[in-house]
Amino acid sequence: MRVVVTGGAGFIASHLCEALLRRGDGVVALDNLATSTGENLLFLQQWPQFQFRRHDVRQPIAVEGATDYVLHFASPASPEFFQRRPIETLETGALGTTNALELARTTGASFLVASTSEVYGDPQEHPQREEYHGNVDPIGPRSSYDEAKRFAEALTMAYRREYGTDTHIVRIFNTYGPRMTPQDGRVISNFVTQALRGGPLTVYGDGSQTRSFCYVGDMVAGVLKAMAASFPEPINLGNPEEWRIIDVAKLVVELTGSRSPIVKGELPQGDPKVRRPDISRARTLLGWEPQVPLREGLARTIAYFRSVTAPST
Ligand SMILES: NC(=O)c1ccc[n+]([C@@H]2O[C@H](COP(=O)([O-])OP(=O)(O)OC[C@H]3O[C@@H](n4cnc5c(N)ncnc54)[C@H](O)[C@@H]3O)[C@@H](O)[C@H]2O)c1
């Protein structure tokens with residue numbers, strides 16, 4: 001297959017590009033490097049069937065030669081970025097998804113969009129099943145991202161209904177692992193960076209809010225399976241093991257061997273209190289479930305962060 005991967009320089013999509021290349025597919029990665037450095041590309045360039053084009057998906061996309069599949073991962077993804085650049089985030093969800101879907105429609109390619117657990121907002125149903133329609137504040141500080149992704153899902157279904165495009169939607173829950181950007185402001189990157197520096201780990205609120213963390217290798221395996229499935233509706237991909245944030249902070253301190261204290265910060269407005277995927281659909285349809293426990297995945301992530309950040313001691 002020849003696969004076009006938008007956001008291909010980013011964290012998850014660069015792992016996805018690697019998996020596709022390893023199985024012999026051709027990959028064209030498109031990225032404007034808005035939230036990634038391009039460093040992930042250096043590794044991918046060892047494959048002769050890998051091509052990179054710097055491109056903003058808010059502009060129409062044309063790719064020479066055959067396209068069999070479009071994987072649409074381009075989007076700001078960390079709260080720090082999407083709250084600072086809400087218009088760019090909404091435009092990437094709306095115009096970027098339109099352009100990626102147009103590429104699939106005009107080339108007859110299949111299409112998969114990386115949606116998010118954020119479509120469930122601050123959920124009133126727990127754990128979250130795909131049938132749950134969510135509790136999203138359309139004007140809150142997180143709305144640029146949440147509504148961009150909800151629109152992206154709606155547009156994806158519209159292309160299927162109106163044009164018969166072969167579409168797929170995965171709802172990704174918190175994912176972590178090597179190649180995350182240390183400064184991206186997400187909880188695992190923050191904790192690991194803070195612990196390696198020996199500085200305090202900031203837990204927002206009392207730390208009793210929960211998240212479920214999926215190791216990136218598991219996530220990529222799930223996406224590859226979802227690509228091959230003929231199922232049009234969203235599929236949750238994430239690790240159903242639920243952790244209190246305070247316990248994640250303690251685990252990071254233990255695994256880094258750091259003496260960092262844990263301090264409390266103010267809980268950001270609209271921060272979801274719980275988050276845990278119901279992955280029954282992925283289990284049944286894809287025969288998929290995560291294999292890597294948090295302790296093991298964190299140890300690999302810490303080793304990666306150690307290799308790319310210089311500790312101050
Ligand atoms: N990591 C997670 O926990 C998580 C959870 C849910 C959903 N997702 C989704 O998965 C996808 C990848 O996330 P990630 O964590 O790897 O983030 P990332 O920031 O590492 O990757 C996103 C990539 O998209 C690129 N990009 C952003 N706007 C663009 C534009 N207009 N044109 C071209 N490229 C653009 C960025 O430069 C970056 O390389 C995103 O769509 C994100 O919303 C991620």
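Which residues does Pro272 touch, not counting residues up to four places away in sequence? In this predicted model, Pro272 touches Gly121, Asp122 and Pro123. Pro272 itself belongs to the loop between β13 (262-265) and α9 (280-286). Computed along the chain in residue numbers, Pro272 and Glu118 are 154 residues apart, yet their C-alpha atoms are 8.7 Å apart in space. Pro272 counts as partly exposed because 17 C-beta neighbours lie inside 10 Å, a count below the 20 required for a buried residue.

The chain is divided into domain 1 (2-175 + 214-237) and domain 2 (177-211 + 241-275 + 292-308). A distance of 25 Å separates the C-alpha centres of domain 1 and domain 2. Contact between the two involves 23 residues of domain 1 and 16 residues of domain 2. On the side of domain 1 that touches domain 2, at least two residues are supplied by each of α1, α3 and α7 (216-228). By class, this side of domain 1 has seven nonpolar, 11 polar and five charged residues.

The surroundings of the ligand were examined next. There are 27 residues around the ligand, and those that come nearest are Gly7, Gly10, Phe11, Ser36 and Ser75. The shell comprises 13 nonpolar, 11 polar and three charged residues. At least two residues of the shell come from each of α1 (11-22), α4 (86-107) and β5 (110-116). The largest share, three residues, is that of α1.

Helix α1 therefore deserves a fuller description, beginning with its length: at 1.5 Å a residue, its 12 residues should span 16 Å, and the 17 Å between its end C-alpha atoms agrees with this. The buried residues of α1 are Phe11, Ile12, Ala13, Ser14, His15, Leu16, Cys17 and Leu20. Among them, Phe11 is also one of the residues that come nearest to the ligand. Just after α1, Gly24 takes a positive phi of about 100°.

The same test of length was applied to α4. Its 22 residues should span 32 Å at 1.5 Å a residue, and its end C-alpha atoms are 31 Å apart, which agrees. Helix α4 nevertheless has a kink of about 30°, centred on Thr92. Thr92 is one of the buried residues of α4, which also include Glu88, Thr89, Gly93, Gly96, Thr97, Asn99, Ala100, Leu101, Leu103 and Ala104. The elements covering these buried residues include β1 (2-6), β4 (69-72), α3 (79-84), β5 and α5 (143-163). Just after α4, Gly108 has a positive phi of about 75°.

Some features of the backbone remain to be described. Most residues other than glycine have a negative phi, and most peptide bonds are trans. Leu33, which is not a glycine, has a positive phi near 60°. Leu33 is placed in the loop between β2 (26-31) and α2 (39-44), and it counts as partly exposed because it has 13 C-beta neighbours inside 10 Å. Arg179 likewise has a positive phi, of about 80°, although it is not a glycine. Arg179 is found in the loop between β7 (175-176) and α6 (187-197), and its 19 C-beta neighbours inside 10 Å place it in the partly exposed class. The peptide bond from His126 to Pro127 is cis, with omega near -10°. Pro127 lies in the loop between β5 and α5.

Definitions and conventions:
Residues numbered from 1 in each chain as written. Predicted model: local features only at pLDDT ≥ 70, side-chain atom pairs only at ≥ 80, totals over all residues. Near = placed C-beta within 6 Å. Helix = DSSP H or I, 4+ residues; strand = E, 2+ residues; numbered from the N terminus. Nonpolar A, V, L, I, M, F, W, Y, C, P; charged D, E, K, R; others polar. Expected span 1.5 Å × (residues − 1). Bend = angle between axes of the 7 residues up to and from the residue. Buried ≥ 20, exposed ≤ 12 C-beta atoms within 10 Å, placed from the backbone. Contact = placed C-beta atoms within 7 Å. Domains from an automatic or database assignment.
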